[in-house]
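Please take a moment to look over the sequence and the three-dimensional model before reading on. The paragraphs after it are meant to be read with the structure in view.

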Amino acid sequence: MIEILNPTLLARARTTGAVVADILQTLKGRSTVGTNLLDIDRWAKEMIAGAGASSCYVDYAPSFGRGPFGHYICTAVNDAVLHGRPHDYTLADGDLLTLDLAVSKGGIAADAAISFLVGTEKPPESVAMIDATERALAAGISAAGPGARIGDISHAIGTVLSEAGYPVNTEFGGHGIGSTMHQDPHVPNTGRPGRGYTLRPGLLLALEPWVMADTARLVTDADGWTLRSATGCRTAHTEHTIAVTDDGAEILTLPK
């Protein structure tokens with residue numbers, strides 16, 4: 001299903017996007033050395049409720065997961081990259097943490113992710129990997145406009161990631177979003193320009209470049225959800241929800 005939002009629903013999407021952005025930035029500020037991932041999940045639950053929103057994750061049970069996710073945010077540390085299920089782990093100095101959050105408010109969902117280093121230790125290779133995903137996301141957003149195609153976005157993202165030296169996995173990528181969190185069209189993180197669905201004003205997309213330092217192969221953790229790099233290398237993941245407009249792309253989950 002591909003949804004095209006009218007101006008009323010697009011206004012709601014802006015509200016939801018602002019909620020996601022605000023929660024993620026607050027959680028980033030609270031995620032310090034000694035913070036437990038389960039505390040982050042609890043804070044996310046409280047802030048989602050306080051914003052009058054609902055979680056897109058807690059009851060989510062797709063074919064690629066094992067039963068309902070059961071938590072309010074994805075927390076991926078170091079070699080974990082996607083669908084990181086919060087568990088009893090205390091953050092250490094230099095950990096690379098990804099927070100991925102999707103909520104719904106007013107019947108419209110928004111989805112975003114941030115990767116950052118905890119504490120004062122800043123390994124250069126981790127800094128570079130996070131930067132590559134952020135630059136790839138910016139390139140993808142720049143390629144999104146009315147009349148462009150999904151392949152144009154995928155090509156822009158993949159070019160940045162490949163030129164930075166990272167293997168690109170196409171099993172998971174960006175996606176349409178609207179009244180539900182995951183919709184068509186699928187947006188791979190590499191592709192050929194001029195191919196795929198033609199973008200129209202009112203389309204919402206969640207674009208999410210993610211990489212693993214030295215592999216494109218994923219393994220699933222024993223929890224049935226968390227996806228990790230097959231080699232144990234570090235990973236990074238950045239995501240924004242955007243709206244295609246007459247003028248290009250509007251980022252709905254940009255922090256204030």
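What follows is a walk through parts of this predicted model, taking the sheets, the helices and one glycine in turn.

A good place to begin is the sheet of five strands, which is open and has the strand order S7-S6-S8-S13-S14, with antiparallel pairing. At its edges stand strand S7, covering residues 183-187, and strand S14, covering residues 248-251, and each of these pairs on one side only. If direction is ignored, neighbouring strands of this sheet are turned by 30° against each other on average.

Within this sheet, strand S13 deserves a slower look. Strand S8 (residues 204-207) pairs with strand S13 (residues 240-245) in the antiparallel sense, and four bridges hold the pairing. Two positions show how the partners line up: Leu-204 has Ala-243 of S13 as its bridge partner, while Leu-205 stands opposite Ile-242 in S13. S13 is also joined to S14 by four bridges, and these two strands run antiparallel. Here Ile-242 appears again, standing opposite Ile-251 in S14. The strands S13 and S14 form a hairpin, with two residues between them.

Are the residues of S13 mostly covered or mostly open? The strand is mostly covered, since six of its six residues are buried. The side to which each residue points can be followed along the strand: His-240, Ile-242 and Val-244 point one way, whereas Thr-241, Ala-243 and Thr-245 point the other way, and all are buried.

Helix H4 brings a helix into the picture of this sheet, as H4 lies across S7 and S8 and runs at about 40° to S7. Gly-158 is a residue of this helix, which spans residues 150-163. Why does Gly-158 count as buried? Its relative accessible area is 3%, and because a residue is called buried when this value is under 20%, Gly-158 falls in that class. Once its neighbours within four places in sequence are left aside, Gly-158 is in contact with Asn-189 and Thr-190. For a sense of distance, Gly-158 can be set beside Phe-64, which is 94 residues apart from it in sequence and 24 Å apart from it in space, counted from C-alpha to C-alpha.

A second open sheet has three strands in the order S3-S11-S10, again with antiparallel pairing. Strand S3 (80-82) and strand S10 (218-220) stand at its edges, and each has a single partner strand, so one side of each is left without a neighbour in the sheet. With direction ignored, neighbouring strands of this sheet are turned by 45° against each other on average. The pairing of S10 with strand S11, residues 227-229, is antiparallel and rests on three bridges, and in it Val-219 stands opposite Arg-228 of S11.

The last stop is a pair of helices, H1 (residues 7-30) and H2 (residues 37-50), whose axes come within 11 Å and cross at roughly 150°. The crossing in which H1 passes H2 is right-handed. On the side of H1, the contact is made by Ile-23, Thr-26, Leu-27 and Arg-30, and on the side of H2 by Ile-40, Trp-43, Ala-44, Met-47 and Ile-48. Sorted by class, the residues in this contact of H1 with H2 are seven nonpolar, one polar and one charged.

Note on methods: Residues are numbered from 1 along each chain as its sequence is written. This is a predicted model: local features need pLDDT of at least 70, side-chain atom pairs count only at pLDDT 80 or more; totals for chains, interfaces and linings use all residues. Side-chain values use heavy atoms; hydrogens and water are left out. Buried means under 20% relative accessible area, exposed over 50%, partly exposed in between (1.4 Å probe, protein chains only). Contact means heavy atoms within 4.5 Å. Two strands pair if DSSP finds at least two bridges between them. Axes are lines fitted to C-alpha atoms, for helices over the stretch in contact, and angles run from 0 to 180 degrees between N-to-C directions. A crossing is left-handed if the near helix is turned anticlockwise from the far one by less than a right angle, and right-handed if clockwise. Ala, Val, Leu, Ile, Met, Phe, Trp, Tyr, Cys and Pro count as nonpolar, Asp, Glu, Lys and Arg as charged, and the others, Gly among them, as polar.
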